[in-house]
Amino acid sequence: MFLSARGCQKRGITIITMGAQFSLSKYKAKIRISMQRLKHQINKTQNINKNVTKKEIITMLREGKDESARVRTENLMSQSNLATSMEIVQNMCDLLLTRASYIAGSK
């Protein structure tokens, strides 16, 4: 799904363009801010995962609360996958930051 610039602004998404107004310092600053936000979100999702332990799920299964255990397990798995994908995006941002001078030179 492609979003227009106005739609991205409403959702709080930052668009980095390389038009006539490209500034290397602003580019680096935006990448660093994005990395900090990603790091915060990764920590947040990992803390959620710590709250739901395997022991709790096993206890629910023993008590016959199969549906609740299934929901918690699915949530745990999706949060884990989300944290992993955010770590990949964070690594890509780090790569963009290290190659910023090459990106500016290729403009």
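Confidence in this predicted model varies along the chain. Helix α1 (residues 5-11) has the lowest confidence, with a mean pLDDT of 55, and α4 has the highest, at 92. Here pLDDT is the predictor's confidence in each residue, on a scale from 0 to 100. The chain mean is 83, and 80% of the residues reach 70 or more. Local features need pLDDT of at least 70 and side-chain atom pairs count only at pLDDT 80 or more, while totals for chains, interfaces and linings use all residues. Residues are numbered from 1 along each chain as its sequence is written, and side-chain values use heavy atoms, with hydrogens and water left out.

The chain holds 5 helices and 0 strands. Helices (H or I, at least four residues) and strands (E, at least two) are DSSP runs, numbered from the N terminus. The order of elements from the N terminus is α-α-α-α-α. Of the 107 residues, 21% are buried. Buried means under 20% relative accessible area, exposed means over 50%, and partly exposed lies in between (1.4 Å probe, protein chains only). The accessible surface of the chain is about 8,500 Å², and carbon and sulfur atoms account for 55% of that surface. These areas come from the Shrake-Rupley method with a 1.4 Å probe; for residues, only the protein chains shown count as cover. Contacts, defined as heavy atoms within 4.5 Å, were also classed by sequence separation. Among those between residues at least 6 apart in sequence, 68% join residues at least 24 apart.

Two helices are described by their span. Helix α2 (residues 24-51) has 28 residues and reaches 41 Å from its first C-alpha to its last, close to the expected 40 Å. Helix α4 (residues 66-98) has 33 residues and reaches 48 Å, close to the expected 48 Å. The expected span is 1.5 Å times one less than the number of residues.

The buried residues of α2 include Tyr27, Ile31, Met35, Leu38, Ile42, Thr45 and Asn49. An α-helix has 3.6 residues a turn, so residues three or four places apart point the same way. The cover over the buried residues of α2 includes α4 and α5 (100-105). In α4, the buried residues are Ala69, Gln79, Ala83, Met86, Gln90, Cys93 and Leu97. Their cover includes α2, α3 (54-62) and α5.

The largest nonpolar core has 11 residues: Phe22, Tyr27, Ile31, Met35, Leu38, Ile42, Met86, Cys93, Leu97, Ala100 and Ile103. Such a core is a set of buried Ala, Val, Leu, Ile, Met, Phe, Trp, Tyr and Cys residues joined through side-chain atoms within 4.5 Å. Helices α2, α4 and α5 each give two or more residues to this core. The most come from α2, with 5 residues. In soluble globular proteins, nonpolar side chains tend to be buried together.

Thr45 is a polar residue of interest in α2. Thr45 counts as buried because its relative accessibility is 7%. A polar atom of its side chain lies 2.9 Å from the backbone oxygen of Ile42. Leaving aside neighbours within four places in sequence, Thr45 is in contact with Gln79, Leu82, Ala83 and Met86.

Three further residues lie in α4, beginning with Asn91. Asn91 is exposed, because its relative accessible area is 52%. The C-alpha atoms of Asn91 and Met35 are 8.7 Å apart in space, with the residues 56 apart in sequence. Met92 also lies in α4. Met92 is partly exposed, with a relative accessible area of 48%. From Met92 to Met35, the C-alpha distance is 9.5 Å, across 57 residues of sequence.

Leu96 lies in α4 as well. At 35% relative accessible area, Leu96 is partly exposed. The C-alpha atoms of Leu96 and Tyr27 are separated by 9.7 Å, and the two residues are 69 apart along the chain. Beyond neighbours within four places in sequence, Leu96 is in contact with Tyr27, Ile31 and Ile103. Tyr27, Ile31 and Ile103 are also among the residues of the largest nonpolar core.

Methods: Polar contact = N/O pair within 3.5 Å; in protein donor to acceptor, adjacent residues only side chain to side chain.
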